[in-house]
Amino acid sequence: MKRTNSFLGMLIGAVALLSTATGCELIAAPDRTLIQPTGGSGGTGGATGGSGGMTTTGGTGGTVCDPAACPPSDDPCKVAICDNNMCGFGNVDNGTETPNQTAGDCKHEVCVDGVAVVENDDDPLNDMIECTVDTCLDGTPTNEAASAGAQCETTKVCDGNKNCVECVDDAQCTTAPETLCDANQCVTPFCVNGTQDMGETDVDCGGPCKPCDTDQGCGADVDCFHGDCGPNSKCAAPTCSDGIKNNGTYLMDDGETDVDCGGPCGATCGPNKACDVNGDCKGNECTGSTCTHLRRRRSKQR
Ligand SMILES: [Ca+2]
Ligand SMILES: [Ca+2]
Ligand SMILES: [Ca+2]
Ligand SMILES: [Ca+2]
């Protein structure tokens with residue numbers, strides 16, 4: 001009788017344990033409002049990774065998180081991931097470029113620890129001028145003049161002042177009779193003989209020789225370095241309103257950087273006009289070799 005009672009007690013205990021175990025499986029079911037569905041309707045019951053320290057081995061057809069099916073990130077430095085079988089966001093690889101890039105600004109935006117930062121980049125500004133060397137210097141585009149004699153336009157050379165010219169010395173003048181270099185132009189020897197010869201509009205200038213300077217004789221605009229042969233058949237002095245880009249440092253150091261602006265005309269070049277320094281531009285901002293468009297620049301800084 002005593003043995004029977006003790007057996008009954010063990011049986012009741014076992015049933016109690018079993019019901020506890022069954023209760024635990026129900027408690028371990030996840031809160032499905034916190035799990036993003038990953039396509040299709042999930043099965044019922046079953047959970048992966050229950051809490052509470054007891055492993056549930058039952059349950060089939062539970063939802064499995066798939067990063068590809070999670071809501072995508074709006075932040076270019078974040079990516080959808082699964083964490084504890086729930087959709088979340090993680091950092092993209094450090095150094096990943098964001099879509100927010102500007103060509104030619106010597107900078108790029110990359111992700112570092114999940115945050116977009118702007119870093120220096122080897123992304124020089126192509127100023128479309130062959131006789132400048134386009135580089136980045138500490139995150140700033142620079143377009144320095146190429147050295148005199150550097151090749152340009154296949155058969156010409158740079159003059160060291162950003163211009164592509166015929167010659168900088170006699171070495172480039174090898175086709176007779178033009179065997180001498182005078183003011184960046186290959187000429188015949190009579191263009192440098194100190195007398196006005198046939199075809200010259202003044203001494204050693206005009207016609208087949210180098211163009212003439214202000215107040216020298218001319219027959220047409222092409223005879224004048226500054227491009228304006230006045231009504232008195234003398235080359236007119238350059239002005240900031242003659243409609244001519246009076247360029248260069250030849251004879252008179254008056255180089256406008258664009259038509260009637262920059263250089264001796266001061267900070268008068270508008271957006272997209274050519275410049276050498278900030279002082280050539282109305283907005284006082286010369287980027288590369290071009291005056292910056294103020295409105296565009298403001299929007300870029302946002
Ligand atoms: Ca860039
Ligand atoms: Ca260039
Ligand atoms: Ca001559
Ligand atoms: Ca001018």
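Here are four short exercises on the structure above, each with a worked solution.

The structure is a predicted model, in which local features need pLDDT of at least 70, side-chain atom pairs count only at pLDDT 80 or more, and totals for chains, interfaces and linings use all residues. Residues are numbered from 1 along each chain as its sequence is written, while chains are lettered from A and ligands numbered from 1 in the order in which they are written.

**Exercise 1. Take stock of the whole chain.**

Start with the secondary structure: the protein chain has 2 helices and 13 strands. Helices (H or I, at least four residues) and strands (E, at least two) are DSSP runs, numbered from the N terminus. Next comes burial: 23% of the 302 residues in the protein chain are buried. A residue is buried if 20 or more other C-beta atoms lie within 10 Å of its own, exposed if 12 or fewer, and partly exposed in between, with C-beta atoms placed from the backbone.

**Exercise 2. Work out how β3 and β4 fit together, and whether β4 is buried or in the open.**

First, find the strands: β3 covers residues 107-112, and β4 covers residues 115-120. Then look at the pairing, where 6 bridges join the two in an antiparallel arrangement. Two strands pair if DSSP finds at least two bridges between them. One of the partnerships links His-108 to Glu-119 in β4. Now the turn: β3 and β4 make a hairpin with 2 residues between them, and Asp-113 in the turn has a positive phi of about 55°. Finally, of the 6 residues of β4 the number buried is 0, so this strand lies largely in the open.

**Exercise 3. Give the strand order of the open sheet that contains β8.**

The sheet has 3 strands in the order β7-β8-β9, with antiparallel pairing. Its edge strands are β7 (151-152) and β9 (164-165), each pairing on one side only. Between β7 and β8 (residues 156-158) there are 2 bridges, and Cys-152 has Lys-156 in β8 as its bridge partner.

**Exercise 4. Classify two loop threonines, Thr-257 and Thr-102.**

Begin with Thr-257, in the loop between β11 (185-187) and β12 (286-287). Thr-257 is buried, because 25 other C-beta atoms lie within 10 Å. Beyond its neighbours within four places in sequence, its contacts (C-beta atoms, placed from the backbone, within 7 Å) include Gly-262, Cys-269 and Asp-280.

Turn to Thr-102, in the loop between β2 (86-91) and β3. Thr-102 counts as partly exposed because it has 13 C-beta neighbours inside 10 Å. Its C-alpha atom is separated by 9.2 Å from that of Asp-123, 21 residues apart along the chain.

Note on methods
Two residues are in contact if their C-beta atoms, placed from the backbone, lie within 7 Å.
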